[in-house]
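Student: I have a protein model open and would like to understand the terms used to describe it. Could we talk through them together?

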Amino acid sequence: MNDIFNFLSITDSISTSGQPTEAQLSSLAEEGYELIINLALHDDPRYSLKDETSYVKSLGMEYIHIPVQFDKPLKSDLLSFFNTILSHKNKKIHIHCAANMRVTAFLGLYFLIREGKSKEEAFKPMWQIWKPDSVWSSFIDAMMAEFSS
């Protein structure tokens with residue numbers, strides 16, 4: 001699992017990464033993961049598999065795709081992510097995007113807004129992977145402000 005690009009084990013039931021290969025998805029299935037959530041787009045062959053949906057399903061896992069444009073994250077994307085995590089809390093989940101940037105930002109917001117973790121604790125995985133650019137810093141700040149009121 002540690003061979004998956006930017007892999008992080010977040011909790012006993014949640015891990016994150018950049019785009020896994022088919023072999024790495026097979027390893028996730030063997031490790032008991034039940035759900036793969038993909039926040040990347042499907043239309044860039046550098047950062048996506050040819051048919052990840054079918055491949056993940058062939059391994060006996062559920063697959064949910066929430067395509068988040070890296071240069072334009074939306075509140076609706078974040079809310080879809082929140083709803084997906086909340087409705088699958090009893091499952092072992094692996095969440096990925098191209099490089100684990102979208103994922104760690106969304107997961108940080110989830111931990112902060114939905115689970116009430118401190119900002120430092122919620123965003124610790126994100127800061128291990130990257131320092132958000134102006135688009136993502138603005139998005140994170142806007143979502144924190146909106147949901148804190």
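**Reasoning from the definitions**

Tutor: Happily! In this predicted model, strand β3 (residues 35-38) and strand β4 (residues 62-65) run parallel to each other, joined by four bridges.

Student: What makes β3 and β4 a pair?

Tutor: Pairing requires at least two bridges between the strands. β3 and β4 have four, so they count as paired. Within this pairing, L35 stands opposite E62 in β4.

Student: Why are both faces of β3 called covered?

Tutor: In a regular strand, side chains alternate between the two faces of the sheet. Here L35 and I37 lie on one side, with I36 and N38 on the other, and all are buried. Buried means under 20% relative accessible area, so each of these residues falls below that cut-off.

Student: How much of the protein is buried?

Tutor: Buried residues account for 46% of the 149 residues.

Student: How do you know that the radius of gyration agrees with a compact globule?

Tutor: For 149 residues, a compact globule would have a radius near 15 Å; the protein has 14 Å, which agrees. The C-alpha trace spans about 45 × 30 × 25 Å along its principal axes.

Student: And what is the order of helices and strands along the sequence?

Tutor: The pattern is β-β-α-β-α-β-α-β-α-α-α-α, comprising seven helices and five strands. As for contacts between residues at least 6 apart in sequence, 74% join residues at least 24 apart.

Definitions and conventions
Residues numbered from 1 in each chain as written. Predicted model: local features only at pLDDT ≥ 70, side-chain atom pairs only at ≥ 80, totals over all residues. Heavy atoms only, no water. Helix = DSSP H or I, 4+ residues; strand = E, 2+ residues; numbered from the N terminus. Rg over C-alpha atoms; globule rule 2.2 N^0.38 Å. Buried < 20%, exposed > 50% of the residue type's maximum accessible area, 1.4 Å probe, protein only. Contact = heavy atoms within 4.5 Å.
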